[in-house]
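Subject: Structure handover

Hello,

Please find the sequence and the structure below. My notes on what turned up follow.

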Amino acid sequence: MEEILSTVQSEVFGVWFLIGAALVFWMQAGFAMVEAGFTRAKNTGNILMKNLMDFCIGTVMFILIGFGLFLGEDLVGLIGKPGFDIFTNYANFDWSNFVFNLVFCATTATIVSGAMAERTRFLSYCVYSAVISALIYPIEAHWTWGGGWLAQIGFHDFAGSNCIHMVGGICALIGAAILGPRIGKFVKDSNGKITKVNAFPGHNLPLGCLGVFILWLGWYGFNGAAATSVEELGSIFVTTTIAPSIATVVCMIFTWVKYGKPDVSMCLNASLAGLVAVTAGCDVVDAFGSIVIGAVSGLLVVFGVWFCDNKIHVDDPVGAVAVHMMNGIWGTIAVGLFATKSAPAFARGYGDGVTYGANQIAGAGLFYGGGFSQLGLQLLGMLCTAAFTAVTITITFLVIKAIFGLRVSEEEEIIGLDATEHGLPSAYAGFSIMDIDNTMTMEQNANTNLGVEEYDRASAAQKAAAVKVVKAPDVSPSGIYKVVIIAKLSRYDKLRKAMNDIGVTGMTVTQVMGCGIQKGAGEKYRGVELDATLLPKVKVEVVVSIIPVDTVIAAAKKTLYTGHIGDGKIFVYNVDRVVKVRTGEENFAALQDVE
């Protein structure tokens, strides 16, 4: 009877193993949504293409070389023996293990794309993604999961805080540093010193949020797929739920206190940070350990974003370094602090590095009576993996930069990679896209204050300074004038009503961008002040004949006036002259100030 139950359990968990692999594959969609949502609309198609090719290129490279280096016969504890059993001995090939490890390999490569988003050449991206999948990940993963030297001494990384997330995060950090920041991210003085960091909010936060939930769902397969009992799987699900939840709550409270408001995008990243941090020890930590791991990761992700922006000045659009590298390091170390023998999956003894598989561990953590032994092993494994990754990825990026070039041109970056790299006019066909970069809620600049907020109390000079009027000097024989009004977006509704009140029923309205003396100030995104270079405006065009043009001007000026210089501008054109110019009859008369 026990033999039958054992066979059934083996079959059930064999199926779950593949379901877990499918969940990990589904995480590619989550990464795509997070990266697309946290970057600008003009690069969305490029982000999607990269995440698609991560997996597809990774599959090709894993078949050709990666799988052998990873899980081939161990050679002196450093690499697996390359082989082509998938071609020469397919009937006896370990199909499940191949698919399972393939999806993990693809995850490592896709972490890098977010940090290097919006300015990397697509060809260069494909090359370094291939190198990560073929060489870097398989070799270092063999040390831990393929029977290599780290497994043989009891280093523990159950699902990849070290082998996947820290490695991907280090590649992301070095790549972003070599690549350089996006145009406009950092402001420098005449000596080249960075004096200001600008925020670039993502264009679609709902998309980013959807990506986080997809990733969280996939993480249950990411962490739990290798479980071999119901008790072990249940414990892993508990730790995989507690850590990100605590991380998000801690991040919310911290950003609320520090910035005055809870930061939405930072909290989304905190959920991922908690998941990353608990990944290494999800099978050997308990609820208390998960709580501490999550709490630290919730603070660490905020520190990581600040550190990249303000100290080392590395532009990471999605926070991949803070989420994956820093919390990958923390999660790896945390095993040496919180591993407990009360966890159902705890495996005792060094073994041979293979018997216990990814569950290999030498002993309990420091805070659970295990002393410094496991902590020392965790630090050793983490530092060696980090050093190997840093050296190999630096060489990779420098070679790619020399041969292909790593970064797109300034013009291509400004236009957007969708158009320049893929010939895609927009990833949002049918939608009107307005790229406002680092613009959010606008506040009045104190330097523009005229001292009087009520239009009726303002002097003629104050009214003229607030709303400039420019008009053709001659009188229209037909009495038809075109009036163009440039106003702040927030005044449009009042302007429309004012025009209706004086009898103007037809208007052409265009949403535009502009810059002028009024600049937004004081608002923050992820702790970085937003400095608007372009402000959202509305352009209203009306054509009048019966209604006196002066009546239109007066109504518009009164509506637009807020008591600040640059509240709006009004241009009045002689329609007869415009027609003559367009037919080539005469030159358009120079415009001059009326007031």
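Glycine 180, just after α7, takes a positive phi of about 95°. Please keep in mind throughout that this is a predicted model.

Helix α7 itself covers residues 161-179, 19 residues in total. At 1.5 Å a residue it should span 27 Å, and its end C-alpha atoms are 25 Å apart, which agrees. Of those 19 residues, 17 are buried, so α7 is largely enclosed by the rest of the structure.

Two residues other than glycine also have a positive phi. For glutamate 118 the angle is near 80°, and this residue sits in the loop between α4 and α5. Its relative accessibility is 0%, so glutamate 118 counts as buried. For histidine 313 the angle is about 55°. That residue belongs to the loop between α11 (287-310) and α12 (320-338). Histidine 313 has a relative accessibility of 28%; because buried means under 20% and exposed means over 50%, it counts as partly exposed.

The loop that holds glutamate 118 also holds threonine 120, between α4 (95-115) and α5 (122-145). Threonine 120 is buried as well, its relative accessible area being 0%. What does the side chain of threonine 120 reach at 2.5 Å? It is the backbone oxygen of methionine 116. Leaving aside residues up to four places away in sequence, threonine 120 touches Lys50, Tyr125, Tyr128, Leu179, Leu406, Val408, Leu417 and Glu421. One of these contacts, Leu179, is a residue of α7, whose range is 161-179.

Now the internal spaces. The count comes to three cavities of 30 Å³ or more. The second largest cavity holds about 90 Å³ of space. Its lining is made up of 14 residues, and the closest to its centre are Phe31, Val34, Val318, Ala320 and His324. Which elements give two or more residues to that lining? They are α1 (2-37), α4, α10 (264-279) and α12. By type, the lining of the second largest cavity divides into eight nonpolar residues, five polar and one charged.

Two elements come up twice in these notes. Helix α4 contributes to the lining of the second largest cavity and also precedes the loop with threonine 120. Helix α12 contributes to that lining too, and it follows the loop with histidine 313.

Regards

Notes: Residues numbered from 1 in each chain as written. Predicted model: local features only at pLDDT ≥ 70, side-chain atom pairs only at ≥ 80, totals over all residues. Heavy atoms only, no water. Helix = DSSP H or I, 4+ residues; strand = E, 2+ residues; numbered from the N terminus. Buried < 20%, exposed > 50% of the residue type's maximum accessible area, 1.4 Å probe, protein only. Polar contact = N/O pair within 3.5 Å; in protein donor to acceptor, adjacent residues only side chain to side chain. Contact = heavy atoms within 4.5 Å. 1 Å grid on protein atoms, 1.4 Å probe; cavity = no way out; pocket = protein on both sides within 12 Å on 5 of 7 lines; lining within 4 Å. Points joined across faces, edges and corners; volume = space filled by probe spheres on them. Nonpolar A, V, L, I, M, F, W, Y, C, P; charged D, E, K, R; others polar. Expected span 1.5 Å × (residues − 1).
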